[in-house]
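Let's take a friendly walk through a protein model. Have a look at it first, and then we will go through its parts together.

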Amino acid sequence: MAKEEGKIGRKQGRLVCVTNGEMVDLGAAIDVDQYVTNVDTGEVTVQLSFVDNEKRVRRSLKRNELNKNGMNQLTRYGADCWPEVADAYISNLRKQTTKMKRSYEHSNVGWGMYEDQPMFKLHKGIGFPSIYDGVKYDLKPKGTLEAWCQMVGEEVLGNPWLEFALAAGFTAPLLSILKEEAHMDSLFFNFFGVTSTGKTLTTRLAASIFGLPDTGRKGLLVTWYGTDQGILYNLHGNYGVPIVIDDTSMMEEGKDLTQFAYTVVAGLAKMALTSQGTKREQGDWMTTIFSSSEKSIFGETDQRSGIRVRFFEINEPCLTRSAENAERIEQVILKNYGHAGPIFAKHLLKIGNDEIRRRWRKNRLDLLAQLEQMDSFTKRIAGKLAIVKLAGELANEALGLGLDLDELTESLLHIERKSMSERNKGDEAYQFIMSYFVRNRHKFFRDKSDWDKNKPIVGKYIEKNGVVTQIQIPKEEFEKLMKQEKFNVEQVVSKWKESGRLIHDVGKNTLTRVFQPGVPKMPQYVFKVETISNDEKQANEQKNPAVRKSSSVKDLRQIKRKAPQAQEKRTTQVGFSLQKGPTPNWVKEAGQVLLESE
(Lines give C-alpha, C1' and ligand atoms only; values in the text may rest on other atoms or scores of the structure.)
Protein backbone atom coordinates (compact mmCIF):
# COMPACT_ATOMS: atom_id res chain seq x y z
CA MET A 1 0.00 0.00 0.00
CA ALA A 2 1.46 3.34 -1.03
CA LYS A 3 1.10 5.91 1.76
CA GLU A 4 0.43 8.76 -0.59
CA GLU A 5 -2.76 7.04 -1.83
CA GLY A 6 -4.21 6.89 1.66
CA LYS A 7 -6.26 9.49 3.49
CA ILE A 8 -4.93 10.63 6.85
CA GLY A 9 -7.49 11.19 9.58
CA ARG A 10 -8.23 10.84 13.28
CA LYS A 11 -10.43 8.43 15.16
CA GLN A 12 -10.88 8.20 18.91
CA GLY A 13 -7.59 9.98 19.66
CA ARG A 14 -5.62 7.92 17.14
CA LEU A 15 -4.04 8.93 13.84
CA VAL A 16 -5.24 6.61 11.07
CA CYS A 17 -4.71 6.12 7.36
CA VAL A 18 -7.63 4.93 5.21
CA THR A 19 -6.85 3.36 1.83
CA ASN A 20 -9.45 1.64 -0.37
CA GLY A 21 -11.77 1.41 2.64
CA GLU A 22 -9.09 -0.19 4.81
CA MET A 23 -8.06 1.71 7.97
CA VAL A 24 -4.58 1.43 9.46
CA ASP A 25 -3.78 2.72 12.98
CA LEU A 26 -0.59 4.82 12.83
CA GLY A 27 -0.33 5.74 16.53
CA ALA A 28 -1.59 8.17 19.16
CA ALA A 29 -2.62 11.49 17.60
CA ILE A 30 -0.62 14.64 18.25
CA ASP A 31 -2.69 17.79 18.84
CA VAL A 32 -1.74 21.38 18.00
CA ASP A 33 -2.78 23.31 21.12
CA GLN A 34 -1.50 26.72 20.10
CA TYR A 35 0.10 28.39 17.11
CA VAL A 36 2.20 31.17 18.61
CA THR A 37 4.24 34.12 17.31
CA ASN A 38 6.92 35.57 19.56
CA VAL A 39 6.59 39.35 19.31
CA ASP A 40 10.26 39.84 20.28
CA THR A 41 11.94 37.38 17.93
CA GLY A 42 9.28 36.92 15.24
CA GLU A 43 9.65 33.15 15.54
CA VAL A 44 6.58 30.96 15.23
CA THR A 45 6.16 28.06 17.65
CA VAL A 46 3.76 25.12 17.46
CA GLN A 47 2.70 23.96 20.92
CA LEU A 48 1.83 20.28 20.84
CA SER A 49 0.41 17.64 23.15
CA PHE A 50 -0.12 13.87 22.98
CA VAL A 51 -0.96 10.99 25.29
CA ASP A 52 1.71 8.59 26.50
CA ASN A 53 1.17 6.04 29.26
CA GLU A 54 -2.27 7.56 29.94
CA LYS A 55 -0.75 10.99 30.62
CA ARG A 56 -0.83 14.05 28.41
CA VAL A 57 2.63 15.26 27.42
CA ARG A 58 3.23 18.81 26.16
CA ARG A 59 6.09 19.83 23.91
CA SER A 60 6.88 22.67 21.48
CA LEU A 61 8.53 22.81 18.08
CA LYS A 62 9.51 25.77 15.99
CA ARG A 63 7.47 26.00 12.82
CA ASN A 64 10.47 25.01 10.70
CA GLU A 65 10.84 21.86 12.82
CA LEU A 66 7.61 20.32 11.51
CA ASN A 67 9.70 17.79 9.60
CA LYS A 68 11.12 14.31 10.10
CA ASN A 69 13.87 15.53 12.40
CA GLY A 70 11.30 17.32 14.53
CA MET A 71 9.12 14.23 14.69
CA ASN A 72 12.11 12.19 15.73
CA GLN A 73 12.65 14.61 18.67
CA LEU A 74 9.12 13.93 19.88
CA THR A 75 9.56 10.17 19.96
CA ARG A 76 11.97 10.50 22.89
CA TYR A 77 9.08 11.92 24.94
CA GLY A 78 6.66 9.13 24.04
CA ALA A 79 5.12 10.26 20.75
CA ASP A 80 4.35 7.57 18.14
CA CYS A 81 5.64 9.55 15.14
CA TRP A 82 8.25 6.99 14.10
CA PRO A 83 10.24 7.52 10.88
CA GLU A 84 8.03 5.17 8.85
CA VAL A 85 4.89 7.17 9.68
CA ALA A 86 6.48 10.60 10.20
CA ASP A 87 5.15 12.00 6.89
CA ALA A 88 1.57 11.27 7.95
CA TYR A 89 2.06 13.05 11.27
CA ILE A 90 3.70 16.04 9.58
CA SER A 91 0.83 16.35 7.10
CA ASN A 92 -1.75 16.22 9.87
CA LEU A 93 0.05 18.78 12.07
CA ARG A 94 0.46 21.24 9.20
CA LYS A 95 -3.24 20.89 8.40
CA GLN A 96 -4.13 21.63 12.04
CA THR A 97 -2.03 24.81 12.08
CA THR A 98 -3.98 26.27 9.16
CA LYS A 99 -7.13 26.13 11.25
CA MET A 100 -5.62 27.52 14.47
CA LYS A 101 -6.12 31.11 15.58
CA ARG A 102 -2.74 32.81 15.99
CA SER A 103 -1.75 33.72 19.54
CA TYR A 104 1.23 35.72 20.80
CA GLU A 105 3.97 35.46 23.40
CA HIS A 106 6.95 37.54 24.52
CA SER A 107 10.31 36.56 25.94
CA ASN A 108 11.53 40.07 26.83
CA VAL A 109 9.91 42.23 29.49
CA GLY A 110 9.08 45.92 29.69
CA TRP A 111 8.55 48.17 26.68
CA GLY A 112 8.40 46.89 23.14
CA MET A 113 6.73 47.41 19.78
CA TYR A 114 4.80 44.97 17.64
CA GLU A 115 3.34 45.94 14.28
CA ASP A 116 3.95 49.61 15.17
CA GLN A 117 1.94 49.23 18.34
CA PRO A 118 3.59 50.06 21.71
CA MET A 119 3.16 47.52 24.46
CA PHE A 120 4.44 46.88 27.96
CA LYS A 121 5.26 43.25 28.63
CA LEU A 122 4.77 41.68 32.04
CA HIS A 123 3.02 38.37 32.73
CA LYS A 124 0.58 39.59 30.10
CA GLY A 125 1.12 42.20 27.44
CA ILE A 126 -0.40 45.63 28.09
CA GLY A 127 -1.42 47.34 24.86
CA PHE A 128 -1.21 44.09 22.88
CA PRO A 129 -2.46 40.56 23.78
CA SER A 130 0.61 38.51 24.62
CA ILE A 131 1.75 36.07 27.32
CA TYR A 132 5.20 35.94 28.94
CA ASP A 133 7.05 32.81 27.94
CA GLY A 134 10.44 33.74 29.38
CA VAL A 135 12.39 31.64 31.82
CA LYS A 136 13.92 34.37 34.00
CA TYR A 137 11.17 36.10 35.96
CA ASP A 138 8.04 35.23 37.91
CA LEU A 139 5.76 38.09 36.90
CA LYS A 140 2.41 36.40 37.41
CA PRO A 141 0.48 38.41 40.01
CA LYS A 142 -0.08 36.63 43.31
CA GLY A 143 -2.41 37.48 46.20
CA THR A 144 -4.33 40.74 45.91
CA LEU A 145 -3.66 44.36 45.12
CA GLU A 146 -5.76 45.35 48.14
CA ALA A 147 -3.48 43.51 50.57
CA TRP A 148 -0.38 45.08 49.01
CA CYS A 149 -1.83 48.62 49.09
CA GLN A 150 -2.98 48.15 52.68
CA MET A 151 0.58 47.18 53.63
CA VAL A 152 1.90 50.33 51.93
CA GLY A 153 -0.53 52.49 53.87
CA GLU A 154 0.18 50.89 57.24
CA GLU A 155 3.88 50.04 57.04
CA VAL A 156 5.52 52.22 54.38
CA LEU A 157 3.91 55.67 54.47
CA GLY A 158 5.63 57.98 56.89
CA ASN A 159 9.01 56.33 56.41
CA PRO A 160 10.93 58.54 53.92
CA TRP A 161 13.39 55.87 52.74
CA LEU A 162 10.77 53.17 52.23
CA GLU A 163 8.69 55.70 50.29
CA PHE A 164 11.80 56.58 48.29
CA ALA A 165 12.44 52.89 47.49
CA LEU A 166 8.85 52.39 46.39
CA ALA A 167 8.95 55.46 44.12
CA ALA A 168 12.31 54.31 42.73
CA GLY A 169 10.79 50.93 41.91
CA PHE A 170 8.24 52.67 39.68
CA THR A 171 11.03 54.41 37.70
CA ALA A 172 11.89 51.32 35.63
CA PRO A 173 9.16 51.81 32.97
CA LEU A 174 9.96 55.54 32.66
CA LEU A 175 13.57 55.13 31.54
CA SER A 176 12.90 54.02 27.96
CA ILE A 177 10.38 56.84 27.53
CA LEU A 178 12.92 59.44 28.70
CA LYS A 179 15.99 57.84 27.16
CA GLU A 180 16.50 60.27 24.29
CA GLU A 181 15.53 63.53 25.94
CA ALA A 182 17.22 62.84 29.28
CA HIS A 183 20.23 61.03 27.77
CA MET A 184 19.22 58.27 30.10
CA ASP A 185 21.10 55.14 31.15
CA SER A 186 19.75 52.48 33.45
CA LEU A 187 19.42 53.65 37.05
CA PHE A 188 21.43 51.94 39.79
CA PHE A 189 20.62 52.40 43.50
CA ASN A 190 22.76 50.74 46.16
CA PHE A 191 21.56 50.60 49.76
CA PHE A 192 24.54 49.90 51.99
CA GLY A 193 25.31 49.74 55.68
CA VAL A 194 25.68 47.36 58.58
CA THR A 195 23.62 44.18 58.85
CA SER A 196 19.96 44.30 59.91
CA THR A 197 19.19 47.85 58.83
CA GLY A 198 16.54 46.77 56.31
CA LYS A 199 18.60 47.01 53.10
CA THR A 200 17.39 43.82 51.43
CA LEU A 201 13.81 44.36 52.61
CA THR A 202 13.83 47.84 51.08
CA THR A 203 14.91 46.52 47.69
CA ARG A 204 12.35 43.71 47.89
CA LEU A 205 9.61 46.25 48.44
CA ALA A 206 10.59 47.98 45.19
CA ALA A 207 10.64 44.70 43.26
CA SER A 208 7.22 43.58 44.59
CA ILE A 209 5.57 46.16 42.34
CA PHE A 210 6.19 43.95 39.31
CA GLY A 211 6.88 40.38 40.42
CA LEU A 212 8.21 37.91 42.97
CA PRO A 213 10.56 39.84 45.30
CA ASP A 214 12.78 36.91 46.17
CA THR A 215 15.81 34.94 45.03
CA GLY A 216 15.29 31.60 43.29
CA ARG A 217 12.04 30.47 41.71
CA LYS A 218 12.44 33.07 38.96
CA GLY A 219 12.37 35.89 41.51
CA LEU A 220 13.44 39.44 40.69
CA LEU A 221 16.35 39.14 43.13
CA VAL A 222 19.67 37.68 42.05
CA THR A 223 22.80 37.50 44.17
CA TRP A 224 26.28 38.86 43.67
CA TYR A 225 27.50 35.27 43.71
CA GLY A 226 28.61 34.49 40.16
CA THR A 227 30.48 35.92 37.22
CA ASP A 228 29.68 39.30 35.71
CA GLN A 229 28.37 37.53 32.63
CA GLY A 230 26.04 35.40 34.73
CA ILE A 231 24.67 38.37 36.70
CA LEU A 232 24.23 40.52 33.60
CA TYR A 233 22.40 37.69 31.79
CA ASN A 234 19.50 38.31 34.17
CA LEU A 235 19.20 41.83 32.76
CA HIS A 236 19.18 40.91 29.07
CA GLY A 237 15.93 41.89 27.36
CA ASN A 238 14.62 43.84 30.34
CA TYR A 239 13.18 47.23 29.40
CA GLY A 240 11.19 48.25 32.44
CA VAL A 241 11.11 45.73 35.31
CA PRO A 242 13.33 46.49 38.34
CA ILE A 243 15.96 43.93 39.31
CA VAL A 244 17.77 43.51 42.62
CA ILE A 245 21.36 42.27 43.02
CA ASP A 246 21.54 41.21 46.64
CA ASP A 247 24.32 40.74 49.18
CA THR A 248 27.83 41.75 48.11
CA SER A 249 29.26 39.43 50.77
CA MET A 250 28.71 36.67 48.20
CA MET A 251 30.68 38.51 45.53
CA GLU A 252 33.59 36.71 43.93
CA GLU A 253 36.97 38.03 45.02
CA GLY A 254 38.72 40.47 42.71
CA LYS A 255 35.60 41.61 40.84
CA ASP A 256 36.23 44.80 38.84
CA LEU A 257 33.38 46.88 40.25
CA THR A 258 34.32 49.95 38.23
CA GLN A 259 33.80 48.14 34.94
CA PHE A 260 30.76 46.30 36.28
CA ALA A 261 29.07 49.52 37.37
CA TYR A 262 29.66 51.14 33.99
CA THR A 263 28.37 48.05 32.16
CA VAL A 264 25.22 47.79 34.28
CA VAL A 265 24.13 51.38 33.72
CA ALA A 266 25.23 51.44 30.07
CA GLY A 267 22.83 48.59 29.40
CA LEU A 268 24.97 46.68 26.92
CA ALA A 269 26.90 43.47 27.51
CA LYS A 270 30.41 42.97 26.20
CA MET A 271 30.92 41.53 22.75
CA ALA A 272 31.50 37.78 23.01
CA LEU A 273 32.06 34.83 20.70
CA THR A 274 30.25 31.52 20.49
CA SER A 275 32.07 28.20 20.75
CA GLN A 276 32.20 28.23 16.93
CA GLY A 277 34.05 31.55 16.95
CA THR A 278 31.15 33.63 15.61
CA LYS A 279 29.88 36.80 17.27
CA ARG A 280 27.32 36.18 19.97
CA GLU A 281 24.30 38.47 19.98
CA GLN A 282 24.89 41.24 22.53
CA GLY A 283 22.35 41.45 25.30
CA ASP A 284 20.99 44.86 26.23
CA TRP A 285 18.60 46.33 28.79
CA MET A 286 17.15 49.60 30.11
CA THR A 287 15.79 49.34 33.64
CA THR A 288 16.32 50.19 37.29
CA ILE A 289 18.74 48.07 39.28
CA PHE A 290 18.85 47.91 43.06
CA SER A 291 21.59 46.46 45.18
CA SER A 292 22.22 45.86 48.86
CA SER A 293 25.64 45.63 50.45
CA GLU A 294 27.43 46.08 53.73
CA LYS A 295 30.03 48.37 52.17
CA SER A 296 29.92 51.16 49.62
CA ILE A 297 30.23 49.94 46.05
CA PHE A 298 31.68 53.31 45.12
CA GLY A 299 34.40 52.78 47.71
CA GLU A 300 35.45 49.64 45.81
CA THR A 301 35.71 51.41 42.46
CA ASP A 302 38.41 53.73 41.16
CA GLN A 303 36.14 56.55 42.38
CA ARG A 304 35.86 58.55 39.19
CA SER A 305 33.30 61.32 39.42
CA GLY A 306 31.62 59.82 36.36
CA ILE A 307 30.63 56.78 38.36
CA ARG A 308 28.81 58.94 40.89
CA VAL A 309 26.73 60.34 38.05
CA ARG A 310 25.78 56.84 37.02
CA PHE A 311 24.61 55.32 40.27
CA PHE A 312 23.41 56.44 43.65
CA GLU A 313 24.19 55.12 47.10
CA ILE A 314 21.97 55.38 50.16
CA ASN A 315 23.61 54.84 53.54
CA GLU A 316 21.10 55.54 56.29
CA PRO A 317 21.29 54.08 59.80
CA CYS A 318 17.82 52.57 59.78
CA LEU A 319 15.66 52.07 56.69
CA THR A 320 12.71 50.51 58.54
CA ARG A 321 11.05 51.58 61.78
CA SER A 322 11.78 48.31 63.55
CA ALA A 323 12.41 44.61 63.02
CA GLU A 324 8.68 44.04 63.41
CA ASN A 325 7.92 46.64 60.75
CA ALA A 326 10.31 44.88 58.34
CA GLU A 327 8.84 41.47 59.12
CA ARG A 328 5.26 42.63 58.48
CA ILE A 329 6.26 44.11 55.12
CA GLU A 330 8.10 40.96 54.11
CA GLN A 331 5.21 38.68 55.01
CA VAL A 332 2.85 40.68 52.79
CA ILE A 333 5.08 41.19 49.74
CA LEU A 334 6.04 37.53 49.48
CA LYS A 335 2.36 36.61 49.25
CA ASN A 336 1.04 39.64 47.35
CA TYR A 337 3.04 40.99 44.42
CA GLY A 338 2.91 41.87 40.73
CA HIS A 339 -0.40 43.78 40.80
CA ALA A 340 0.73 47.41 40.92
CA GLY A 341 3.06 47.23 37.89
CA PRO A 342 0.40 46.48 35.24
CA ILE A 343 -1.86 49.27 36.55
CA PHE A 344 1.06 51.71 36.48
CA ALA A 345 1.98 50.71 32.91
CA LYS A 346 -1.62 51.20 31.76
CA HIS A 347 -1.56 54.69 33.26
CA LEU A 348 1.63 55.53 31.35
CA LEU A 349 0.06 54.38 28.09
CA LYS A 350 -3.02 56.45 28.85
CA ILE A 351 -1.27 59.78 29.51
CA GLY A 352 1.28 59.36 26.70
CA ASN A 353 4.99 59.93 26.27
CA ASP A 354 4.78 63.65 25.52
CA GLU A 355 3.03 64.39 28.81
CA ILE A 356 5.52 62.21 30.70
CA ARG A 357 8.44 64.10 29.18
CA ARG A 358 6.86 67.47 29.92
CA ARG A 359 6.36 66.55 33.57
CA TRP A 360 9.90 65.19 33.83
CA ARG A 361 11.28 68.52 32.60
CA LYS A 362 9.22 70.36 35.23
CA ASN A 363 10.42 68.09 38.03
CA ARG A 364 14.01 68.49 36.92
CA LEU A 365 13.78 72.28 37.01
CA ASP A 366 12.07 72.16 40.42
CA LEU A 367 14.91 70.07 41.86
CA LEU A 368 17.58 72.30 40.38
CA ALA A 369 15.89 75.37 41.85
CA GLN A 370 16.12 73.86 45.34
CA LEU A 371 19.80 72.94 45.17
CA GLU A 372 21.97 75.58 46.82
CA GLN A 373 25.15 74.40 45.11
CA MET A 374 25.83 72.99 41.67
CA ASP A 375 28.77 71.58 39.78
CA SER A 376 29.30 70.21 36.29
CA PHE A 377 27.44 67.00 37.16
CA THR A 378 24.44 68.47 38.96
CA LYS A 379 22.16 68.93 35.95
CA ARG A 380 22.68 65.34 34.81
CA ILE A 381 22.10 63.98 38.29
CA ALA A 382 19.02 66.16 38.81
CA GLY A 383 17.60 64.74 35.58
CA LYS A 384 17.91 61.23 36.94
CA LEU A 385 16.59 62.02 40.41
CA ALA A 386 13.66 63.87 38.80
CA ILE A 387 12.54 60.51 37.42
CA VAL A 388 12.09 59.23 40.97
CA LYS A 389 9.95 62.26 41.84
CA LEU A 390 7.90 61.81 38.67
CA ALA A 391 7.48 58.10 39.36
CA GLY A 392 6.08 58.92 42.80
CA GLU A 393 3.60 61.38 41.30
CA LEU A 394 2.42 58.93 38.66
CA ALA A 395 2.16 56.07 41.15
CA ASN A 396 -0.07 58.21 43.35
CA GLU A 397 -2.27 58.98 40.35
CA ALA A 398 -2.49 55.40 39.12
CA LEU A 399 -2.86 53.63 42.48
CA GLY A 400 -3.73 56.27 45.06
CA LEU A 401 -0.76 55.29 47.22
CA GLY A 402 -0.46 58.58 49.08
CA LEU A 403 3.32 58.90 48.85
CA ASP A 404 4.52 62.16 50.45
CA LEU A 405 6.01 63.97 47.45
CA ASP A 406 7.46 66.81 49.54
CA GLU A 407 9.29 64.32 51.74
CA LEU A 408 10.37 62.42 48.63
CA THR A 409 11.83 65.64 47.23
CA GLU A 410 13.81 66.17 50.45
CA SER A 411 15.20 62.64 50.20
CA LEU A 412 16.32 63.29 46.62
CA LEU A 413 17.94 66.59 47.57
CA HIS A 414 19.68 64.86 50.47
CA ILE A 415 21.13 62.25 48.10
CA GLU A 416 22.49 64.90 45.75
CA ARG A 417 23.89 67.13 48.50
CA LYS A 418 25.70 64.16 50.00
CA SER A 419 26.95 63.05 46.60
CA MET A 420 28.18 66.56 45.77
CA SER A 421 30.07 66.69 49.05
CA GLU A 422 31.84 63.48 48.09
CA ARG A 423 32.44 64.65 44.52
CA ASN A 424 34.04 67.85 45.85
CA LYS A 425 36.55 66.04 48.07
CA GLY A 426 39.28 66.74 45.55
CA ASP A 427 38.64 70.49 45.69
CA GLU A 428 38.30 70.42 49.46
CA ALA A 429 41.61 68.59 49.80
CA TYR A 430 43.26 71.09 47.46
CA GLN A 431 41.96 73.99 49.53
CA PHE A 432 43.27 72.35 52.69
CA ILE A 433 46.75 71.64 51.33
CA MET A 434 47.11 75.16 49.91
CA SER A 435 45.99 76.70 53.20
CA TYR A 436 48.50 74.48 54.96
CA PHE A 437 51.18 75.69 52.56
CA VAL A 438 50.42 79.34 53.35
CA ARG A 439 50.33 78.79 57.11
CA ASN A 440 53.48 76.67 57.09
CA ARG A 441 55.53 78.47 54.48
CA HIS A 442 58.69 77.88 56.54
CA LYS A 443 58.31 74.09 56.08
CA PHE A 444 58.65 74.35 52.30
CA PHE A 445 61.76 75.21 50.34
CA ARG A 446 62.29 76.45 46.81
CA ASP A 447 65.80 75.38 45.78
CA LYS A 448 69.27 74.77 47.20
CA SER A 449 69.63 78.37 48.30
CA ASP A 450 66.44 78.03 50.31
CA TRP A 451 67.35 74.68 51.88
CA ASP A 452 67.99 74.55 55.63
CA LYS A 453 68.81 71.13 56.98
CA ASN A 454 68.05 72.29 60.52
CA LYS A 455 64.38 73.04 59.73
CA PRO A 456 61.60 70.46 59.47
CA ILE A 457 60.72 70.14 55.80
CA VAL A 458 57.35 69.04 54.49
CA GLY A 459 57.55 69.96 50.83
CA LYS A 460 59.04 71.89 47.98
CA TYR A 461 57.63 74.43 45.55
CA ILE A 462 58.59 75.78 42.13
CA GLU A 463 58.39 79.48 41.47
CA LYS A 464 58.50 81.27 38.12
CA ASN A 465 58.72 85.05 37.90
CA GLY A 466 57.68 85.35 41.52
CA VAL A 467 54.68 83.05 41.04
CA VAL A 468 54.33 79.62 42.69
CA THR A 469 53.28 77.17 39.97
CA GLN A 470 53.89 73.75 41.47
CA ILE A 471 54.15 72.04 44.87
CA GLN A 472 55.88 68.73 45.61
CA ILE A 473 55.36 66.71 48.80
CA PRO A 474 56.98 63.30 49.47
CA LYS A 475 54.47 60.46 49.28
CA GLU A 476 54.55 59.50 52.98
CA GLU A 477 54.30 63.11 54.16
CA PHE A 478 51.40 63.88 51.81
CA GLU A 479 49.45 60.80 52.88
CA LYS A 480 50.03 61.71 56.54
CA LEU A 481 48.56 65.18 55.97
CA MET A 482 45.55 63.80 54.12
CA LYS A 483 44.78 61.21 56.77
CA GLN A 484 45.04 63.79 59.55
CA GLU A 485 42.19 65.68 57.88
CA LYS A 486 40.20 62.45 57.24
CA PHE A 487 40.64 62.59 53.46
CA ASN A 488 40.69 59.39 51.44
CA VAL A 489 44.09 59.57 49.74
CA GLU A 490 43.13 57.36 46.79
CA GLN A 491 39.94 59.32 46.22
CA VAL A 492 41.71 62.70 46.34
CA VAL A 493 44.55 61.62 44.07
CA SER A 494 42.07 60.06 41.63
CA LYS A 495 40.12 63.32 41.40
CA TRP A 496 43.27 65.40 40.98
CA LYS A 497 44.45 63.04 38.28
CA GLU A 498 41.10 63.18 36.52
CA SER A 499 41.06 66.98 36.55
CA GLY A 500 44.64 67.28 35.29
CA ARG A 501 45.84 68.87 38.51
CA LEU A 502 48.24 66.00 39.33
CA ILE A 503 51.67 65.69 37.67
CA HIS A 504 52.77 62.05 37.62
CA ASP A 505 54.85 59.42 35.90
CA VAL A 506 53.11 57.30 33.26
CA GLY A 507 50.98 54.62 34.87
CA LYS A 508 51.48 55.98 38.39
CA ASN A 509 50.01 58.57 40.73
CA THR A 510 53.39 59.88 41.87
CA LEU A 511 56.43 61.49 40.27
CA THR A 512 59.81 60.01 41.23
CA ARG A 513 62.45 62.73 41.35
CA VAL A 514 65.23 64.11 43.58
CA PHE A 515 63.51 65.98 46.40
CA GLN A 516 66.34 67.52 48.40
CA PRO A 517 70.11 67.80 48.06
CA GLY A 518 72.06 64.63 48.84
CA VAL A 519 69.00 62.38 48.99
CA PRO A 520 68.16 59.70 46.36
CA LYS A 521 65.10 59.99 44.15
CA MET A 522 61.82 59.38 45.92
CA PRO A 523 58.11 59.21 44.94
CA GLN A 524 56.32 62.52 45.46
CA TYR A 525 52.84 63.86 44.95
CA VAL A 526 53.25 66.81 42.62
CA PHE A 527 50.43 69.14 41.71
CA LYS A 528 49.84 72.37 39.87
CA VAL A 529 48.90 75.53 41.71
CA GLU A 530 45.93 77.31 40.20
CA THR A 531 44.51 80.80 40.39
CA ILE A 532 41.70 82.57 38.59
CA SER A 533 41.41 85.31 36.01
CA ASN A 534 41.98 88.91 37.06
CA ASP A 535 38.37 89.88 36.28
CA GLU A 536 37.00 87.22 38.58
CA LYS A 537 39.59 88.07 41.27
CA GLN A 538 38.31 91.64 41.37
CA ALA A 539 34.73 90.43 41.58
CA ASN A 540 35.62 88.06 44.41
CA GLU A 541 37.44 90.80 46.29
CA GLN A 542 34.34 92.98 46.18
CA LYS A 543 32.23 90.11 47.48
CA ASN A 544 34.69 89.08 50.20
CA PRO A 545 36.10 91.99 52.21
CA ALA A 546 37.30 89.59 54.92
CA VAL A 547 40.64 89.13 53.12
CA ARG A 548 43.11 91.81 54.19
CA LYS A 549 46.78 92.54 54.15
CA SER A 550 49.07 91.93 57.08
CA SER A 551 52.73 92.60 57.74
CA SER A 552 53.53 89.37 59.53
CA VAL A 553 52.84 85.67 59.24
CA LYS A 554 51.99 85.75 62.93
CA ASP A 555 48.99 87.91 62.12
CA LEU A 556 47.49 85.15 60.00
CA ARG A 557 44.16 84.29 61.63
CA GLN A 558 41.82 81.44 60.79
CA ILE A 559 38.17 82.19 60.29
CA LYS A 560 35.63 79.45 60.94
CA ARG A 561 36.02 77.01 58.10
CA LYS A 562 33.18 76.80 55.63
CA ALA A 563 31.96 73.81 53.69
CA PRO A 564 33.65 73.58 50.29
CA GLN A 565 31.82 75.45 47.56
CA ALA A 566 31.33 73.95 44.14
CA GLN A 567 33.63 75.63 41.65
CA GLU A 568 32.05 77.61 38.88
CA LYS A 569 33.39 77.28 35.39
CA ARG A 570 36.12 79.87 34.98
CA THR A 571 39.21 80.85 33.08
CA THR A 572 42.20 79.63 35.08
CA GLN A 573 45.82 80.53 35.18
CA VAL A 574 48.57 78.55 36.79
CA GLY A 575 50.32 79.95 39.86
CA PHE A 576 49.96 82.61 42.51
CA SER A 577 52.32 85.14 44.06
CA LEU A 578 53.58 84.95 47.62
CA GLN A 579 54.76 88.52 47.37
CA LYS A 580 51.94 90.56 45.91
CA GLY A 581 48.69 90.49 44.01
CA PRO A 582 45.07 89.58 44.80
CA THR A 583 44.24 86.72 47.11
CA PRO A 584 43.67 83.37 45.33
CA ASN A 585 40.13 82.02 45.41
CA TRP A 586 41.10 78.81 47.20
CA VAL A 587 42.22 80.84 50.21
CA LYS A 588 38.92 82.69 50.36
CA GLU A 589 36.93 79.48 50.08
CA ALA A 590 38.92 77.98 52.93
CA GLY A 591 38.06 81.01 55.03
CA GLN A 592 41.71 82.06 55.52
CA VAL A 593 43.25 85.50 55.88
CA LEU A 594 46.33 85.36 53.70
CA LEU A 595 49.52 87.27 54.13
CA GLU A 596 49.92 88.91 50.73
CA SER A 597 53.15 90.77 51.34
CA GLU A 598 56.19 89.68 53.29
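In what order do the five strands of the open sheet stand?

## About the model

This is a predicted model, in which local features need pLDDT of at least 70, side-chain atom pairs count only at pLDDT 80 or more, and totals for chains, interfaces and linings use all residues. Residues are numbered from 1 along each chain as its sequence is written, and side-chain values use heavy atoms, leaving out hydrogens and water.

## The whole protein

The protein has 19 helices and 26 strands. These are DSSP runs numbered from the N terminus: helices are H or I with at least four residues, and strands are E with at least two. Of its 598 residues, 51% are buried (under 20% relative accessible area, with a 1.4 Å probe and protein chains only).

## The open sheet

Back to our question: the order is 6-5-4-7-11, and the pairing is mixed. Two strands pair if DSSP finds at least two bridges between them. Strand 6 (55-62) and strand 11 (131-132) are at the edges with a single partner strand each, so one side of each has no neighbour in the sheet.

Strand 11 pairs with strand 7 (residues 102-106) in the parallel sense, over two bridges. Here Ile 131 of strand 11 is the bridge partner of Glu 105.

## Helices across the sheet

Helix 1 (residues 68-75) lies across strand 4 (30-38), strand 5 (44-52) and strand 6, at about 150° to strand 6. Helix 2 (residues 86-99) lies across strand 4 and strand 5, running at about 55° to strand 4. Such angles run from 0 to 180 degrees between N-to-C directions, with axes fitted to C-alpha atoms, for helices over the stretch in contact (heavy atoms within 4.5 Å).

Definitions and conventions: Buried < 20%, exposed > 50% of the residue type's maximum accessible area, 1.4 Å probe, protein only.
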